Each structure stands twice: as structure tokens, then as C-alpha cells.
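Please read the sequence and look over the three-dimensional structure shown below. The explanation that follows it is meant to be read with both at hand.

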Amino acid sequence: MKITFLGHAGFLIEGSKKIVIDPFLTGNPTAKNKPEDIIADLILVSHGHGDHFGDTLSIAKQSRGTVVSVHELAVFCSNKGANAHGMHIGGSHVFDGVKIKLTPAWHGSGYGEECPLEYLGTPCGFLLNLDGKTIYHSGDTGLFGDMELIGRLNSIDLAMIPIGDNYTMDPGDALEAVKMLKPGLVIPMHYNTFPLIEQDPLKFKSEVESNTTSKVAVIAPGDSLEF
Ligand code: NI
Ligand code: MN
């Protein structure tokens with residue numbers, strides 16, 4: 001399958017199904033892809049923050065794809081005219097051959113800029129089983145010990161985890177996450193989009209590869225890898 005990094009926490013996964021995660025393109029200073037070019041069967045949204053919810057509604061409508069998230073965010077999208085499927089933390093569902101399970105994430109999920117923010121439920125991460133591969137996208141989160149459980153119960157081929165600090169794990173905590181998740185491959189995310197989350201992903205790569213058996217792929221926004 002092909003994995004394209006859309007920048008920030010956004011990914012397009014193209015296998016037997018097309019899945020987009022956290023498609024923040026409009027207003028993303030690092031994005032190379034345009035929302036009108038993204039067609040996906042499933043649109044996975046980890047939480048309501050604008051840098052993740054992003055272009056979800058326009059992509060869902062032009063694709064006629066299904067938004068998958070926690071119940072509250074799914075209802076919000078349904079009310080805006082998108083197809084949506086609500087789930088919750090710990091639950092899984094098979095969407096035409098793609099199994100998706102929601103995982104916990106320690107973060108917030110307020111939508112929009114006007115106070116009080118509209119709260120779209122709890123944030124989440126995703127475990128996907130697609131074409132025989134297991135992929136984990138943690139969403140925005142701090143380090144938490146149940147990553148050990150996620151790593152023990154799943155043979156993770158690819159993990160996308162944040163390293164940017166301030167809003168999420170920093171590279172040191174992300175290294176601890178890798179030790180618990182034990183993925184074959186790690187793609188760092190949620191860094192260098194804005195000055196506040198500047199990090200050196202190549203330093204993270206060398207730390208992970210010298211302290212664990214996991215490999216790290218640093219991908220520039222708009223670039224892809226075959227996986
Ligand atoms: Ni966030
Ligand atoms: Mn974020």
C-alpha cells in the first residue's frame with residue numbers, strides 16, 4: 001500500500017480502500033496536497049481541533065466517504081451533511097474489509113474559535129487493519145502507559161506518533177511510546193508545522209533506531225512511501 005504524509009498529523013493510506021486521517025490542508029503552511037484532490041472511502045478524525053478536523057467535511061462530501069470518529073464528532077459531521085459513523089474508545093467496527101478500533105488519547109477536542117468551544121467528545125487514536133497490515137495513529141496525545149497494552153495485544157506494522165511537544169509528546173516521550181508499542185516502522189508527526197512545535201526528526205530517528213528494533217521513516221509533507 002501507499003502511505004502519503006499530508007503534513008502535520010494527516011495521512012492518506014491507499015490500499016484496497018482509501019483512508020485519510022486528520023486531513024488538515026487548508027491553512028496548513030506545510031501542506032503540498034489540495035483538499036479537492038483527496039478522495040477517500042473513510043475519513044478518520046482523531047478530535048475536533050482545527051489542525052486535525054481541517055478539511056474533513058469537504059473531503060467527506062466530495063468523496064461520499066464516511067467520517068469515522070467518536071460519537072459526538074460523528075453526530076456533528078452528520079448534522080453538517082456528511083456520512084458519518086460514530087464509535088467510542090475500545091470499540092471496533094469492520095468497514096467493508098477495513099477493521100478500525102478507537103484507542104484512548106490524552107488531549108482535548110474543542111471545535112472552532114468562538115468561546116465556549118463546541119466540544120466534540122473525547123479525542124481518540126486509531127488502530128486499522130487493512131490488507132493484512134496493522135497501522136496505529138495515536139492522534140494528539142501525551143505519553144500513557146496503556147500504550148504497552150496496545151503494543152502487547154497488536155502486532156503493529158506502522159505507528160504514526162507525535163513528537164512536537166507543547167500539545168503532545170516530545171521526542172523523548174515518543175521514544176518511550178515506541179518501546180511500548182514495538183512497531184516495525186514509525187512515522188513521526190505533529191512537528192515543524194508551526195514554530196511552537198519545532199523538532200529535529202532525524203535526531204528522533206537516530207534515538208529510536210539506536211535504542212529499539214523499530215525503524216523510523218521521516219517523510220516530507222506531500223511525499224509517500226510504499227509499505
Ligand atoms: Ni489537538
Ligand atoms: Mn494537533
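The paragraphs below treat the metal sites, a loop, a pocket and some features of the backbone.

The structure is a predicted model. A suitable place to begin is the nickel ion (ligand 1). Its protein donors are His-47 (NE2), His-49 (ND1), His-107 (NE2) and Asp-140 (OD), which lie 2.1 to 2.4 Å from the ion. Along the sequence, these donor residues follow the spacing H-x1-H-x57-H-x32-D. The pair His-47 and Asp-140 links distant parts of the chain, being 93 residues apart. His-47 belongs to the loop between strand E4 (42–44) and helix H1 (50–53), while Asp-140 belongs to the loop between strand E12 (133–137) and helix H4 (147–153).

The geometry of this site deserves attention. For four tetrahedral donors the ideal angle at a metal is 109.5 degrees. Around the nickel ion (ligand 1), the 4 donor atoms subtend angles of 84 to 173 degrees, and the arrangement is therefore irregular. Are the residues of this pair, His-47 and Asp-140, buried or exposed? His-47 has a relative accessible area of 1% and is therefore buried, because buried means under 20%. Asp-140 also counts as buried, at 2% relative accessibility.

The second site holds the manganese ion (ligand 2). Its protein donors are Asp-51 (OD), His-52 (NE2), Asp-140 (OD) and His-190 (NE2), lying 2.1 to 2.2 Å from the ion. In sequence, the donor residues are spaced D-H-x87-D-x49-H. Here too a pair links distant parts of the chain: Asp-51 is in helix H1, Asp-140 is in the loop between E12 and H4, and 89 residues separate them. Both Asp-51 and Asp-140 are buried.

Which residue connects the two metal sites? Asp-140 bridges the nickel ion (ligand 1) and the manganese ion (ligand 2), and the two ions lie 3.0 Å apart.

Another donor of the manganese ion, His-190, leads to the backbone. His-190 is found in the loop between E14 and H6, and its relative accessible area of 1% means that it is buried. Most residues other than glycine have a negative phi. The phi of His-190, however, is near 60 degrees, a positive value. Lys-182 also has a positive phi, near 50 degrees. Lys-182 lies in the loop between helix H5 (171–181) and E14; with a relative accessible area of 60%, Lys-182 is exposed.

Thr-193 is located in the loop between strand E14 (185–189) and helix H6 (201–211). With a relative accessible area of 7%, Thr-193 is buried. The side chains of Thr-193 and His-8 are joined by a polar contact of 2.7 Å. Apart from its neighbours within four places in sequence, Thr-193 is in contact with His-8, Phe-24, Asn-28, Pro-29 and Thr-30.

The final region to examine is the largest pocket, whose volume is about 220 Å³. Among the residues that line the pocket are Gly-48, His-49, Phe-53, Leu-57, Tyr-111, Glu-113 and Leu-117. His-49 is thus named in this lining and also as a donor of the nickel ion. Helix H1 and strand E9 (110–111) each supply at least two residues of the lining.

One further backbone feature remains. Most peptide bonds are trans. Cys-115 and Pro-116, by contrast, are joined by a cis peptide bond, with omega about -5 degrees. Pro-116 is placed in the loop between E9 and strand E10 (118–119).

Methods:
Residues are numbered from 1 along each chain as its sequence is written. Chains are lettered from A and ligands numbered from 1 in the order in which they are written. This is a predicted model: local features need pLDDT of at least 70, side-chain atom pairs count only at pLDDT 80 or more; totals for chains, interfaces and linings use all residues. Side-chain values use heavy atoms; hydrogens and water are left out. Donors are N, O and S atoms within 2.8 Å of the metal (3.2 Å for Na, K and Ca); water is not among the atoms, so sites may look incomplete. Four donors count as tetrahedral if all angles lie between 85 and 135 degrees; four count as square planar and six as octahedral if opposite donors are over 155 degrees apart and all others between 65 and 115; anything else is irregular. Helices (H or I, at least four residues) and strands (E, at least two) are DSSP runs, numbered from the N terminus. Buried means under 20% relative accessible area, exposed over 50%, partly exposed in between (1.4 Å probe, protein chains only). A polar contact is a pair of N or O atoms within 3.5 Å; within protein, one must be able to donate a hydrogen and the other to accept it, and residues adjacent in sequence count only if both atoms are side-chain atoms. Contact means heavy atoms within 4.5 Å. On a 1 Å grid over the protein atoms alone, a cavity is a set of points where a 1.4 Å probe fits but cannot get out, and a pocket is an open set with protein on both sides within 12 Å along at least five of seven lines; lining residues have an atom within 4 Å of a point. Grid points are joined across faces, edges and corners, and a volume is the space filled by probe spheres set on the points.
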